[in-house]
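User: I would like to work through a protein model with you, one question at a time. Please explain each term as we meet it.

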Amino acid sequence: MRGSLEKAIPAPCQRHPTVMAGWSCDNCQATLCPDCVAVRRSLATEYLSCGLCQGRVLPILVHRSRSPLAERLWGIWRYPFTLSGLAVLLGLSFLLMVLRWAAESTFLLLKFLPTVIGLGVFWGAFFHIIRSTARGERELDTPDYSEFFSDCVRPALRGLVGTSLLWGPGLLYLLFIKRWDVSKPMNELLSSPAFYITGGLPELDWSQVVGDPILWLIVLAGAAWLPGVLLIAAAEQSVLTMLNPLAVVATVRRLGRDYTRTLAALAGLTVALLLGRLVAAGIHWLDLPLLSRWAAELVTCIAPFLMARVLGLLLYSRGDELGYGSPSEYLEPILGDTRPRVEAPPLRVEPVVPAEPPTAAPPALTDTLSALVQAVEAQDAGKALPLYAELREPRSLKQVESAHHLFVGQAAAAQGQYALAVKALETAADVEPDGPSASRALVLLARVYAERMKDPERAQSIYRYVVHRYPNTDASRFALAHLSPTS
Ligand SMILES: [Zn+2]
Ligand SMILES: [Zn+2]
């Protein structure tokens with residue numbers, strides 16, 4: 001989003017000195033409040049214009065970190081409790097329940113697969129929440145598991161490497177420094193024939209070590225370290241960087257107090273996690289068929305997903321300092337979601353035409369339209385483009401099918417007639433927004449802006465629109481792949 005950076009200090013509206021301005025005029029330089037900016041709509045696009053001079057208006061942008069992190073963290077408990085969030089939670093916990101059941105009730109060697117998939121589903125969702133929160137999404141939505149390796153195996157690996165720092169050092173300390181003797185329970189486990197069929201864990205004697213203060217210090221240090229590692233993992237850095245202590249220290253130092261605040265929030269959620277486990281145990285005890293397992297899995301999921309939300313919010317407001325996304329993506333409008341309150345009449349006023357049958361259109365226009373249809377059906381771009389350029393009235397454009405606009409848009413883009421391409425592609429999406437051509441036309445429109453007209457910001461805003469308007473389509477997947485990570 002482009003905006004006037006030099007005015008990134010709160011300023012009052014020029015006409016209303018007691019109201020904070022959210023926009024500034026490119027033309028008369030006035031600072032403007034929501035009452036002094038007009039919204040104009042033309043086809044699928046929206047323009048803001050200055051209430052004083054009708055000039056182009058840009059939002060006044062400030063860095064996201066201007067809103068204190070603590071304020072953002074207060075609202076997190078609402079995150080999973082939306083309609084879509086609950087649906088995702090229900091779906092994921094059902095999947096995890098099935099995988100856990102499969103892992104428990106199969107033989108030793110077969111346990112491997114459901115366990116890996118289960119970990120992949122969980123950690124895939126965890127990193128998905130961090131990243132979608134860092135993009136500014138407000139609701140929990142469905143993670144994408146379309147690619148087994150990158151959506152399941154990789155997150156699982158990263159999650160395991162990250163959390164191994166929580167228990168790994170403590171375990172090494174117990175085994176090699178404290179010389180905790182686990183040979184007896186291990187031998188017992190390995191000599192039991194049942195282990196080779198159903199698997200199992202050794203019955204360790206924790207009473208020997210649980211009171212050791214050094215062990216607890218090591219675990220606490222690991223817990224304070226872990227969020228730094230998970231942030232590095234979420235920011236798509238390599239596993240080696242995750243394990244590099246210098247990288248983690250640098251991350252923690254850059255984030256300063258916000259890291260401490262994050263730790264406090266995560267500590268609170270750890271308590272919630274333990275409570276969740278207690279509740280889950282209670283639900284298990286009720287032993288309702290299917291329901292008990294499902295509900296227990298759901299209750300256990302909530303705290304970890306809120307933890308991911310916390311990490312995502314930290315990345316959302318300070319990620320540029322960790323090299324995540326480009327600095328300009330961390331600017332947001334100073335007034336947040338506040339919209340201008342003035343609706344201006346549309347730029348293209350449709351002439352008021354008395355009801356008349358379509359055949360009454362001027363003969364020249366009907367000729368052009370039918371010639372255009374013929375040219376498009378013959379795939380003759382050379383004929384179709386000039387005919388299309390003759391159609392100037394929105395009324396006549398509306399008589400052309402969406403697919404024909406799309407054909408013209410594609411042909412015009414290929415021939416370097418970008419203004420014509422933009423017009424045709426916008427209209428293709430506009431005449432039939434729910435038709436099959438609309439999302440394809442918009443993706444093509446974004447590509448024309450990005451690749452030919454060098455306007456990446458416009459392209460990004462169209463991609464965002466496609467992702468929200470046409471979810472789960474090829475177009476939205478393409479758009480998602482072309483959105484920068486933080487936009
Ligand atoms: Zn102005
Ligand atoms: Zn004003």
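User: At what angle do helix 16 and helix 17 pack?

Analyst: This is a predicted model, in which local features need pLDDT of at least 70, side-chain atom pairs count only at pLDDT 80 or more, and totals for chains, interfaces and linings use all residues. Residues are numbered from 1 along each chain as its sequence is written. Helices are DSSP runs of H or I with at least four residues, numbered from the N terminus, and axes are lines fitted to C-alpha atoms over the stretch in contact, with angles running from 0 to 180 degrees between N-to-C directions. With their axes 8 Å apart, helix 16 (residues 418-431) and helix 17 (residues 436-452) pack at an angle of about 155 degrees.

User: Are helix 16 and helix 17 roughly parallel or roughly antiparallel to each other?

Analyst: Angles under 35 degrees count as roughly parallel and those over 145 as roughly antiparallel. The angle here is about 155 degrees, and therefore helix 16 and helix 17 are roughly antiparallel.

User: Which residues in helix 17 does helix 16 meet?

Analyst: Two residues are in contact if their C-beta atoms, placed from the backbone, lie within 7 Å. From helix 16, Tyr-418, Ala-421, Val-422, Leu-425, Glu-426, Ala-428 and Ala-429 take part, and in helix 17 they meet Ser-437, Ala-438, Ala-441, Leu-442, Leu-444, Leu-445, Val-448 and Arg-452.

User: How many residues does helix 3 have?

Analyst: Helix 3 (residues 112-134) reaches 33 Å from its first C-alpha to its last, close to the 33 Å expected, where the expected span is 1.5 Å times one less than the number of residues. Just after helix 3, Gly-136 takes a positive phi of about 105 degrees. The count for helix 3 is 23 residues.

Methods
Chains are lettered from A and ligands numbered from 1 in the order in which they are written. Helices (H or I, at least four residues) and strands (E, at least two) are DSSP runs, numbered from the N terminus. Angles under 35 degrees count as roughly parallel, over 145 as roughly antiparallel, 65 to 115 as roughly perpendicular and the rest as oblique.
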